[in-house]
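Me: I am new to this structure and would be grateful for a close look at one part of it. Please begin with how far the model can be trusted, then turn to the part you choose and to what surrounds it.

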Amino acid sequence: MLSGLVYKKGKFSATEVQQITEAIERYRVNHGLSQADLDQIIFSNKLGKEKGHETFWSEITSALHLRPIIAVYHHVRRARHPFAGKGSWTKTEDDLLLECITSLGQQWEKISDVVHRTAADCRDRYRNHLQDRDTRRQGPWTKEEEEELTKIVTEMTVEQGKDIDNDIFWGVVSKRMGGKRGRQQCRIKWTDSLAPQLKNTGERPRWAPMDAYILVHKVDSLNVRDDTEIDWKLLPDDNWNVWSAHSLQRRWLTMKRSIKGFEEMSHAEIMEILKTKKAQSPPPAVVGRKKKSKVTSAEAVNDGDEGDGQPEAGPSGGMSTGSG
């Protein structure tokens, strides 16, 4: 990486995916390739060394802004893999995956050929769902588990001068908890529940109309073409930092999905509706008896104008769940 150059990280945006698709098709047409020829180049396991097409990956990467060639390489191979997008895992596939791990170890590319799932899918299925499943707990967390997780994460971050939201290796955290909770369980519990509570002097924070107001204004100020371009970690600031990037993304998705017909709308159209609905400064809170509200998940919240509970830890539909 060049000095002073900071590459983009995280999920590829819809715009970037389109740019990659167009660049690949342009390369195919310009070189008179068939789809089979193109697949041979993409899946040859010879990054930049496929005879006659040494510049393929550099040309595709040049269509994007600040993405490293290795990131583009892995993204394209995952997206175009013949085993991609196969849906939910079956018990038969799980059993076969465990058999392969027993005989092959964690050689995910080799396992992929047997299980007929991508290497990344096999890795994430094992790490997030099958590893330590005999000792893995499901359901609500106990107070003791929450205290143990808080102790482990603060030891790994605060006590070492690291960021409590981002500088965490969740596989290590899960291992230190004896495998009782998986890496994904630990990550979601921390980012959605315990970290906000820690930042709020031990009190569980409540999502309020002012939070929705701030979030809409911040997203609007980014001037993105699509919300997949948003780096949610950049939204919190010194005066508004209780909510994690994961929580903010889930809240945004909840607000967006509350709009009838949002699936057919552009980001700009959705933004205009939410600016009208949410971006008016809410009136001061009325002092009086507070109505006790039930804490629920972000997916179940109809994000209206009244405050509601902070989302409990749980899987979030439509979001990356495998990394950590």
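Reply: Among the elements of the chain, helix α5 has the highest mean pLDDT, 95, while strand β2 (residues 308-309) has the lowest, 35. These values matter here since the model is a predicted one. Over the chain the mean pLDDT is 81, and 82% of the residues reach 70 or more. Residues 289-324 are a stretch in which pLDDT stays under 50; the model nevertheless has 85 contacts beyond four places in sequence for this stretch. Where pLDDT is low, the predicted coordinates should not be read in detail.

A few totals give the setting. The chain has 324 residues, of which 41% count as buried, and its elements are 13 helices and two strands. Of the contacts between residues at least 6 apart in sequence, 63% join residues at least 24 apart. The chain exposes about 18,800 Å², and carbon and sulfur atoms supply 51% of that area.

The part chosen for the close look is helix α7, which runs over residues 119-130. This helix has twelve residues, and the distance from its first C-alpha to its last is 15 Å, close to the 16 Å expected at 1.5 Å a residue. The buried residues of α7 include Ala119, Ala120, Cys122 and Asp124; Arg125, Tyr126, Asn128 and Leu130 are buried as well. Among what covers the buried residues of α7 are helices α4, α5, α6 and α10. Just after the helix, Asp132 takes a positive phi of about 60 degrees.

Asn128 shows how a residue of α7 can meet a part of the chain that is distant in sequence. This residue lies in helix α7 and counts as buried because its relative accessible area is 9%, under the 20% limit. Asn128 and Gln184 are 56 residues apart in sequence, yet their C-alpha atoms are 6.0 Å apart in space.

The elements that cover α7 can now be taken in turn, beginning with α6. Ser112 is found in helix α6 and is buried, since its relative accessibility is 1%. A polar atom of the Ser112 side chain lies 2.4 Å from the backbone oxygen of Arg117. Apart from neighbours within four places in sequence, Ser112 is in contact with His81, Phe83, Arg117, Thr118, Ala119 and Cys122. Ala119 and Cys122 are among the buried residues of α7.

Helix α5 spans residues 91-104 and is also part of the cover of α7. In α5, the side chains of Lys91 and Asp95 meet in a salt bridge, with 2.9 Å from N to O. Because the two are four residues apart in the helix, about one helical turn separates Lys91 from Asp95. An α-helix has 3.6 residues a turn, so residues three or four places apart point the same way. Lys91 is exposed, with a relative accessible area of 62%, whereas Asp95 is partly exposed at 27%.

Helix α10 supplies further cover for α7. Thr191 has its place in α10 and is buried, with a relative accessible area of 7%. Leaving aside neighbours within four places in sequence, Thr191 is in contact with Pro196, Ser244, His246 and Ser247. In the loop between α9 and α10 lies Arg181, whose side chain meets that of Glu145 in a salt bridge of 3.0 Å, N to O. Glu145 lies in helix α8, so this pair ties together parts that are 36 residues apart in sequence. Both partners are buried, Arg181 having a relative accessible area of 1% and Glu145 one of 2%. Salt bridges with shared partners join Arg137, Glu145 and Arg181 into one network.

Helix α4, likewise part of the cover of α7, follows a loop that holds a further salt bridge. Arg67 pairs with Glu16, and their closest N and O atoms are 2.9 Å apart. The pair links distant parts of the chain, as Arg67 lies in the loop between α3 and α4 and Glu16 in helix α1, 51 residues apart. Arg67 and Glu16 are both buried. The count of salt bridges comes to 19.

Technical notes: Residues are numbered from 1 along each chain as its sequence is written. This is a predicted model: local features need pLDDT of at least 70, side-chain atom pairs count only at pLDDT 80 or more; totals for chains, interfaces and linings use all residues. Side-chain values use heavy atoms; hydrogens and water are left out. A salt bridge is a side-chain nitrogen of Lys or Arg within 4 Å of a carboxyl oxygen of Asp or Glu. Buried means under 20% relative accessible area, exposed over 50%, partly exposed in between (1.4 Å probe, protein chains only). pLDDT is the predictor's confidence in each residue, from 0 to 100. Contact means heavy atoms within 4.5 Å. The expected span of a helix is 1.5 Å times one less than its number of residues. A polar contact is a pair of N or O atoms within 3.5 Å; within protein, one must be able to donate a hydrogen and the other to accept it, and residues adjacent in sequence count only if both atoms are side-chain atoms. Accessible areas come from the Shrake-Rupley method with a 1.4 Å probe; for residues, only the protein chains shown count as cover.
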